[in-house]
Every structure is written in C-alpha cells, then in structure tokens.
Amino acid sequence: MNLTLKVWRQVNPATKGKMVSYHVTDVSPDMSFLEMLDVLNEQLILDNDDPIAFDHDCREGICSSCGLMINGIAHGPQQTTTCQLHMRSFSDGDVIDIEPWRSGGFPVVKDLVVDRSAFDRIIAVGGFISAPTGTAPEAHSTPVPKRDSDAAFDAATCIGCGACVAACPNGSAMLFTAAKVSHLGLMPQGQPERDARVLTMVAQQDAEDFGGCTNIGECSAVCPKGISMETISRLNHDLLGALRAGAVPAS
Amino acid sequence: MSLELFSVGDPIADTAAPTDVPIGERWSERKFRARLVNPANRRKLSVIVVGTGLAGGSAAATLAEAGYKVKSFWFQDSPRRAHSVAAQGGINAAKNYRNDGDSVHRLFYDTVKGGDFRARENNVHRLAEVSTSIIDQCVAQGVPFAREYGGLLDNRSFGGTQVSRTFYARGQTGQQLLYGAYQALERQIGLGNVETHPRTEMLDLIVVDGRARGIVARDLITGQISTHFADAVVLGSGGYSNVFYLSTNAKGSNATAIWRAHKKGAYFANPCYTQIHPTCIPVAGEYQSKLTLMSESLRNDGRVWVPKERGDKRDPRDIPEAERDYFLERKYPAFGNLVPRDIASRQAKNACDEGRGVGPNGLGVYLDLTDAIQRLGRPAIEAKYGNLLDMYAQITGEDPYATPMRIYPAVHYTMGGLWVDYDLQSSIPGMFVIGEANFSDHGANRLGASALMQGLADGYFVLPTTIANYLADGPFEKVDETHPAAVEARQAVQTQTEKLLSINGTRTVASFHRELGRLMWDLCGMERSEESLRKALDRIPELKQEFWTNVKVSGEQGTFNQNLEHAGRVADFIELAELMCVDALHRNESCGGHFRVESQTPEGEALRDDENYAYVAAWEYTPDGTPPVLHREALEYEYVHLAQRSYK
C-alpha cells in the first residue's frame, strides 16, 4: 500500500518544530510501524536528507523505548506499543500523523524523541523496597497470597513508556506512579515504606512538569500493558491513609 | 590449519580460584582469602560500570550500597530499558522446592553437561551455589514471582533438565528481575551515591600503566566525546548476537564496549559459541528488522512437530495425528520437547532441510498447544503464557490458541565474550566483565533460564566481593583527561567518528549490517564447515574494505545522530565477525551451539574432540592486520565426568 506520513520534525529542543509530509510506497501489511519508518529513513539518508529520529530498542513490546502519537492516539490504533503495531492496521491511501509524546514533563530531544527521565526521578525517591544485597531472608519465609501477588504483578508490568502522560489532557503521570505504588504496596515486603513511598513519589511527580489527575481514564485506555485505573484508587487510598496516620506531606 | 589466520601464544590459566580445597568450598574460601576494603575507605574508591542490565544494574546498585563511588553509563534513555528486560521464561535456582531431587550439585552438573563440557567447573559451581541467594534477594525487593494458592513460589521446567527449578513471573521474568535491580539502582541514585550518564555510549577503554583506569564515551544527545576515570572499570554491556543483524536482541544491543576493550588488550574467549534459540517467530520479509523469541517455557506445554510427508501444505488442523512427526519426542524420549536449545534448533533445521518445513517459505515448524489447552483449559494457558501468545498474534496476525504457532530458530545469545578469571577480572588488570559480556559460565551452550541467573549472580554476589580484592590496592594514582593515554584514546575516537562521517559513499549503514548478518547466518550459523568459514573469511575483509570506503553516514558529530551510532557499531561487528569465523574454523570439533559438519556422530549429533579441544580459546588482538594470537586455557573436569551428552 501507499501512504502519506505527516511527521513532526524538530532539530533540537531550542528550535521550533513543524509537521513535514513524506510519501511511502509499497508498504507491506506485515511490516511493523517502525520497520516502515526504517525503510523511509534509509531512503532519506540516500537522498541526503536527515533521517527521522525516534527511540526504539527491543521491538518486542517490553523495553518501551518507542512511543509515538499516531493520528492523535498514543501508540496508535491498537492498544499495544508502537513497535508491535503492524501496517495491517492501516489502509492504502491513508494519511498518518506522527508526533512525539507531548507533555511539559517530556521535553523533545529531537523529532520524535523525548526526555522521559522524570519517570526515573519519581522511582528514585521512593519506587523501591530498601533491601540491600545480602540482607534478604529465605524466600519462603513470607508467603504472599496469590491474589495479592497476581495483582502486584499486573501493576508491575508497567513498562514506563509514558503513553499515559501523552494521552492525558492534563499531562498527568498518575497512572505511572500509581502502578509502582500499587505493585510495592500489595507485597508484604513493601509495607514498612508504604506511607513514605506514596508521599515522596507524589511529591516528585508534582515537582516535575506533569499535570494533576482528574480521573479521565484515557491513560488506562491507551496503556499497552492495560494498567488499570484501580491503581489510581489504590494510590489515593494510600495517600489519604498516610496523611491520616499523621504523615507530613512532602509537597 | 594454516598458520596465516592466527598464531599460537602462551597458554593461560585461571589462578584466582582456590583449587587446593574441594569444589564445594572454593567460593567460601575465595571470599575468605579476598582482601577487604573497610567501609570508611570505600568512598575514596570509584568504579565505572557500563550497562544497566541484570549484571550492570545489580552491580552498580550493590557497589553503591557498599559505599563505593559508582559512575553508571547506559545508552538508552533509562536504565530500565536494558535488554535484560526482554528475557521471558525464568531464572534457575537450586532451591529444590519441588522436592524432585534438585541440589546445588545437580544444577552444577546440568549446567556443565548442558554447556557440552566447555565451561569452567569452578565458575559453574559457584553459580549454582549463589543461585538460591538470588531468589531470596529478588523476593525481598518485591519481585512478583508466580505463586501458588498457598502463597509459596511456583516453578516450571526448562530445557536440558529433569527437575522443576525455574522461577518465573508469567512470561516477563526478565522485566521483573530487571526492575528489581533498576529500583535498587535508582534508590542509590536518589541517595546521591551514583553519578549517572544516560544516553552515553562507551567508545574506548583507557589503560594507564597496565591498569584499566577509565573510558572514552560519547554523549548521544550532544555528541560530545569525553573521558571518565575511576579505580576500576566494569563492563556489563551484554552480548553480540547482532553480528547476525537479525537476532532476538534489541536493535541497540552491540559489541562496541567489549570489542574496543579487546582492541586495548582484553582477551576475547570462544567468540564462535553462539546460541541459536529454537523457538522464534519466523522471518516474514526482506524489511524485517529483528526476530522475536517465543519463550522456551512454551515447550513445557507445547509439542513441536512437522508433517511426515514433504511439501504437505494442508492447514495444520487438518493433518491427522498419524501423519504428524513429533520429532523431538520421537528422537529424545527421555527429555522430549525439553531437550537443550542447540539440539532442538538443529533438529528443526534438519526437518526443514528435508523439505518438511511449514509456512510460506518452508522455514518453520509447528509449536502446538492444542493438547495442553484441552488438558488444562484455556484460562490456565493464558495465565502461564498470555503475554507471549498475545505477542505472537500481534506479530503474525494468527491466533495461537486456535492454530499451531509457526516457529524457527534464531540467534539469541552469545556464550563467548571477554575472557575473565574466577574473580571476573579480564586480562587487563582493573577491568572486570560481568553477565553476557563475559564468557565464563555457559560453555558451548547455555541452558534456558541460566542467563538471568548468571547476570544477577555476577552483579549482586560475585563481583562486589572480588572487585574489593582488587580495590584494596587503591586508590590508584590520580589520572585526568590530560594524561597521554587519555588524550590518545579520545583522539582515536574523534578520528574514527570524523572518518565515518567523511566517507559519504553510496551504501547505507543498514545495508552493510544486513549483508554481514546474512553472510554470518549462512556461513557461520547453525552449521559451520571449513568450506563455509573460509568463504566467510574471504568475504568479510572485502566487506570491511567496502564499508570504510563506501558507507554513507548522515548528519554531524556534535548532534543527536542515530545513524552515526549505528555506523560505529557495525564497524565493530564486521571486525568481530572475522574473529568469530577464525575461532569457528580453528575449533575443528562440534560442541554445543558450535556445530562443525565435519564432526558429528552417525546420528548427526555434535561430536566433541576432548583430546584436542578441551580448552577455552582466548584470543589476543594484534594491530595492523596481523593475525590474532590464540592463548589456550586447558579445561579440567574433576567433578563432572566427560561424556557424550545424551538426552535420549
């Protein structure tokens, strides 16, 4: 099939960007979306044009380096990562808009590449269980009910791609933060730091340039791993619990 | 073999393992004899760690917890994206929770045998010992392993074993283990104990007075080339499967860190030992950019088959039971579908070579879950493998619950890597190599669920002890960017970068990479022969010559330039490919994943030649086009009796 792509081109953070049109021909339906961009990029290189910068790595839907706004939907028409989106989701003659994640918390580096280090900083302040190497007790010393362990796992599958932020009209990072708060808060090992964790992570989220959560739910609807809105309820529950228990808010 | 391809140097030996005590006591003894650094002195010592996968991430976190000044480098935007994240099936540990006869000794034995008797006994035994602590550590960090209704941990089986010792988190075990290490690392970053260098690629090693003292790195956003210094350097930069272009590795996975360290004097061991994983989604077209693995765990419940008749093009569901050949179950009744990877891959290839392959190009065999779905019900299969089957459906557009999956072998892992001793120290003092980047634990074939075990064993438990023994001599004399060794290394990187950008030829970097990959897959892939390897060794220097005169790299040095990154990596892959072929040609025996057609049993199994090849081939780089020098490390088997592997 033949397609028209309208791609966001931006040389660097300081320069203004714009949409640029490209025509791609002979696209196979079995190609992945990123393979289609690979083919375009090879052509651009041979034409002495600057290839389109986009992040990608594992190309199997787990590293979450990739992430594009495709026709205004984070990761495009299928609820999966951009690398797992295949061209069979499109039709001959389609015009496809391709943009980077747009959020104050994710400044553009170049073209479709953004800086998502704010997510790492949210983890660094509290998204962990403090268990220095060598201190661990025998693994079976603490049984974990399967129900809790499965729910923790579901939350822990968050790959940190940032689609939730890109999809949110407020640019909120709530689903990302809530997924980690839920994962660790559901495990018995995560209890000692549970109050402090939610307070510091929410404070850091506020300190980054993300918006507030108003429970719209677009985040969960585009999440490639299907992280549930229930995690946000859980975060709010933990936050209120921590404050009610007398904790001093960190922000 | 002709001497022009390589020359033979002095043998080498691992002198770090305390072989004067029995094997079960060696690691304890090594820990006891290793010198210590007192906590107050640790903050005066710095360590560069390259890579944030299971090995690099766990090492950086643990060293920072211990109080060393850590400088962490990674090329992705976040340390959570290292390719360990993609490991699916599980992690082995000798917990014997199933009460099925497992033990440290059995895990040790299985791993040495699985590696076709080409791994070092001492290292493998330590790995088996440490395995149980890894599970404890990960559970304490909150890794959500699969559990049973009683709240205790579940296990499953992997290839090459008859016990259930694999711990897992659905089909995303690597992701969950990596996030455990990542979170521990982020905690240390938050505490200010780690200097971070995101989106930064190591491009050279700085060696001062015979010791590794720093690296040259390029900031991938600004293009700035800079030098970094420490008392020791740790490489946890992963394997080199992307030599083959198409592999299950991430697109960015590369050999540049280890290859450039090799060119600075680190020996490269067993480069020809590559693992071809039997169960990957087959290639669909010329534009294909990578291959996707379907976890080996699926062979717990999936049955592998092809039609008995050649060229049978019927829908698999229409082929009656009597007309199917479950070739692994037929040939290996004891292990069935769970034979080791090298064996399963070669048998799949044989079936396709016989004309019984399935799918559009005949390069595929079926992996069929029908029996398991009937026996256990669809919900149980979804719970175990849901994410894998979704991925299959997404990529192929076929429903794996309704029709058998098509799979074919693909390059997945490299057992070879930089040579290290028992302390994980390379042949350059002060440079340590961990995880897939080293060669040490898997011999000629890695068993499933052992890579995660090794990465975390090295990073959490082994390196932090052994590196202290080295750092006890430090801090070393201060070195900065004005030191002649640093100036020279940095200048060499600058020159190469400028050269790549100045050629402005007519072929893209990707086209060279594809050609190299195709050549390596055809001539140095699942089967190698003297003829094919000599052909490869004729062609690779030509390709190298063409690359350096006709490649077209776009953009500039001082900007975000992904094409330039790729060019540097492909340049290194071409050189490494040549060494892989020399190694494969010199090793005139078959062992594990290295299958020389000249050396097979009457049944077509790999035939080792222990008399002549029971050694590690450690290659020394020699500049100016002179052939590499082979240093042999003899392998001795005191505890596992050398035998022909049998899984029948």
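These are my notebook entries on a predicted model, with most of the attention on chain B.

**Entry on domains**

I began with how chain B is divided, and the domain assignment gives domain 1 as 3-87 + 109-145 + 170-274 + 413-471, domain 2 as 277-411 and domain 3 as 484-611. I noted that domain 1 of chain B is written as four separate stretches, while domain 2 and domain 3 of chain B are each written as one.

I then looked up how domain 2 and domain 3 of chain B meet, and found that five residues of domain 2 are in contact with four residues of domain 3. On the domain 2 side of this meeting, helix 10 of chain B (residues 341-353) supplies the largest share, which is four residues. I sorted that side by residue type and wrote down one nonpolar, one polar and three charged. The centres of these two domains of chain B, taken over C-alpha atoms, are separated by 30 Å.

**Entry on the two chains**

Next I turned to the place where the chains meet, where 60 residues of chain B are in contact with 65 residues of chain A. On the chain B side, I listed the elements that give two or more residues, and these are helix 3 (54-66), helix 5 (121-140), helix 6 (173-190), helix 12 (378-396) and helix 17 (562-586). Helix 6 of chain B gives the most, with nine residues. By type, the residues on this side of chain B divide into 22 nonpolar, 25 polar and 13 charged.

**Entry on a sheet**

I followed an open sheet of five strands in chain B, whose order is 12-16-15-13-14 and whose pairing is antiparallel. Strand 12 (274-280) and strand 14 (324-325) of chain B are the edge strands, since each pairs on one side only. Inside the sheet I checked strand 13 (residues 303-307) and strand 15 (residues 365-368) of chain B, which run antiparallel and are joined by three bridges. In this pair, B:W305 stands opposite B:Y366 of strand 15.

**Entry on one residue**

Last, I picked B:I225, which lies in strand 9 (residues 225-229) of chain B. Why does B:I225 count as partly exposed? It does so because 18 C-beta neighbours lie inside 10 Å of B:I225, whereas a buried residue would need 20 or more. Leaving aside residues up to four places away in sequence, B:I225 touches B:V216, B:R218, B:R490, B:V493 and B:Q494. I also looked up B:T497, which is 272 residues from B:I225 in sequence but 9.9 Å away in space, C-alpha to C-alpha.

Terms used:
Residues are numbered from 1 along each chain as its sequence is written. Chains are lettered from A and ligands numbered from 1 in the order in which they are written. This is a predicted model: local features need pLDDT of at least 70, side-chain atom pairs count only at pLDDT 80 or more; totals for chains, interfaces and linings use all residues. Two strands pair if DSSP finds at least two bridges between them. A residue is buried if 20 or more other C-beta atoms lie within 10 Å of its own, exposed if 12 or fewer, and partly exposed in between; C-beta atoms are placed from the backbone. Two residues are in contact if their C-beta atoms, placed from the backbone, lie within 7 Å. Ala, Val, Leu, Ile, Met, Phe, Trp, Tyr, Cys and Pro count as nonpolar, Asp, Glu, Lys and Arg as charged, and the others, Gly among them, as polar. Domain bounds come from an automatic or database domain assignment.
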